[in-house]
Amino acid sequence: MSEHSEQKTPDGAAPVPPRLRQALEGIPSYKPGRPAAAGGPVSYKLSSNENPYPPLPGVLESASHAAASFNRYPDMACTGLLAELSEHFGVPASHLATGTGSVGIAQQLLQSTAGPGDEVIYAWRSFEAYPIVTQISGAASVRVPLTEGEEHDLDAMADAVTDRTRLIFVCNPNNPTGVAIPRDGLERFLDRVPRDVLVVLDEAYREFVRDERVVDGLELYRDRPNVCVLRTFSKAYGLAGLRVGFAVAHEPVAAALRKTAVPFGVSQIAQDAAVASLRSEDALLERVAALVEERTRVTRELRAQGWTVPESQANFVWLRLGERTTDFAELAEKAGVTIRPFAGEGTRVSIGETEANDIFLRVAAEFRKEL
Ligand SMILES: Cc1ncc(COP(=O)(O)O)c(C=O)c1O
């Protein structure tokens, strides 16, 4: 018995735990990517799809300047950031909402649309926060398996819509497989979804997309009031640690996001760093181009080693290793790179520093010989 459970209440009765919502029972906990292992000769973290580059020019200065005033609350309306985003992406500020990372906004979207008795559809496997935020809302998850080719099965997802469906996540490109959805398929899908069901196009990795058949969600949202686009500063922009993302959606949805936002959730440091990052676009594009080049190299070399690698449009690659997944991850960690295994399924490996990618390629070549 724990020390706590032996305590008695003032009237001598046995303590009763506060009633918590049943919806929270059995909730899967979010598994963050393992940090780089300490103690080895070298160690790189390729487990969280982070950006290996330091902050963009001017960002650290803006953030440090904002840090000098952190005795004050931030601008709750994120006025400066919204104005910058509005100009940068050509969308009205009233269609924008910021949040504590795009995962924070995903949670707000659930709070805004779904509860017990409702359903939320998403592909599986996909971003592991979807089942968590769905379960917290009390709604039921409807998971539609990816196709053999690791693609969203959009026909099956449209078929899964019922009159209980309130929200559909479409992760494009998909985490953890990296596969992106071409425009025609996505448009056909959106045409099939009832107009009162919110479709969330999660484009956390949009900046890394090079396939011209993949449409920018911002084009689709304009004449579709049931489409919401999610973007983040965590990946290409390299601000993962500052927790800032944004949504673009028509008025009623954007307004719901403002209502459900944690007050002052986005710090002034994050707001100012995001503005400075948007103003540093040339450097951003250069870095993204270098990561895409590395992605191409890693994919090419893995295929040359004999692996089947889906065409990734993100800053990671996916190896479907099945039962060998955890063995591979252990070997990689011993060699100096931590990756993100999904036991029994496969592993996601972020594109990082060239040296880190080289270590991963060496591990993959070694492992391949044993298969
Ligand atoms: C598909 C997808 N969406 C959203 C996020 C969340 O990013 P953040 O909350 O850092 O903006 C991630 C992070 O891994 C992701 O992979």
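Modeller: A cavity is a set of grid points where a 1.4 Å probe fits but cannot get out, and in this predicted model the largest cavity holds about 30 Å³ of space.

Biologist: How many cavities of 30 Å³ or more does a search of the whole structure find?

Modeller: The search, run over the whole structure, finds one cavity of that volume or more. Its lining includes Asn-51, Tyr-53 and Pro-54 as well as Tyr-237, Gly-238 and Arg-287, and by class the lining of this largest cavity has six nonpolar, two polar and one charged residues.

Biologist: What makes the largest pocket a pocket rather than a cavity, and what is its volume?

Modeller: A pocket is an open set of points, whereas a cavity is a set from which the probe cannot get out, so the two terms part on that condition. The largest pocket has a volume of about 480 Å³. It is lined by 26 residues, and Tyr-30, Ser-48, Phe-127, Lys-235 and Arg-243 are those that lie nearest its centre. Helix α3, which covers residues 101-113, gives the most to this lining, with three residues, while by class the lining has eight nonpolar, nine polar and nine charged residues.

Biologist: How do you know that Cys-171 and Cys-228 are not joined in a disulfide?

Modeller: A disulfide needs two cysteine sulfur atoms within 2.5 Å, but the sulfur of Cys-171 is 13 Å from the closest cysteine sulfur, which belongs to Cys-228, and is therefore too far away for a bond. Seen from the other side, Cys-228 is in no disulfide either, with the sulfur of Cys-171 as its nearest cysteine sulfur. In agreement with this, a search of the whole structure finds zero disulfides.

Biologist: Why is Cys-171 called buried, and why does Cys-228 count as buried?

Modeller: Buried means under 20% relative accessible area. Cys-171 has a relative accessible area of 3%, and is therefore buried, and Cys-228, at 0% relative accessibility, counts as buried because that value is likewise under the limit.

Biologist: What makes Thr-165 buried, and which residues does Thr-165 touch?

Modeller: Thr-165, placed in strand β5 (residues 165-171), has a relative accessible area of 2%, which is under 20%, and so Thr-165 is buried. Not counting residues up to four places away in sequence, Thr-165 touches Glu-119, Ile-121, Ala-160 and Val-197.

Biologist: Why can the approach of Thr-165 to Thr-162 be called a polar contact?

Modeller: The side chain of Thr-165 reaches the backbone nitrogen of Thr-162 at 2.8 Å, and because a polar contact is a pair of N or O atoms within 3.5 Å, with one able to donate a hydrogen and the other to accept it, that distance lies within the cut-off.

Conventions. Residues are numbered from 1 along each chain as its sequence is written. This is a predicted model: local features need pLDDT of at least 70, side-chain atom pairs count only at pLDDT 80 or more; totals for chains, interfaces and linings use all residues. Side-chain values use heavy atoms; hydrogens and water are left out. On a 1 Å grid over the protein atoms alone, a cavity is a set of points where a 1.4 Å probe fits but cannot get out, and a pocket is an open set with protein on both sides within 12 Å along at least five of seven lines; lining residues have an atom within 4 Å of a point. Grid points are joined across faces, edges and corners, and a volume is the space filled by probe spheres set on the points. Helices (H or I, at least four residues) and strands (E, at least two) are DSSP runs, numbered from the N terminus. Ala, Val, Leu, Ile, Met, Phe, Trp, Tyr, Cys and Pro count as nonpolar, Asp, Glu, Lys and Arg as charged, and the others, Gly among them, as polar. Buried means under 20% relative accessible area, exposed over 50%, partly exposed in between (1.4 Å probe, protein chains only). Contact means heavy atoms within 4.5 Å.
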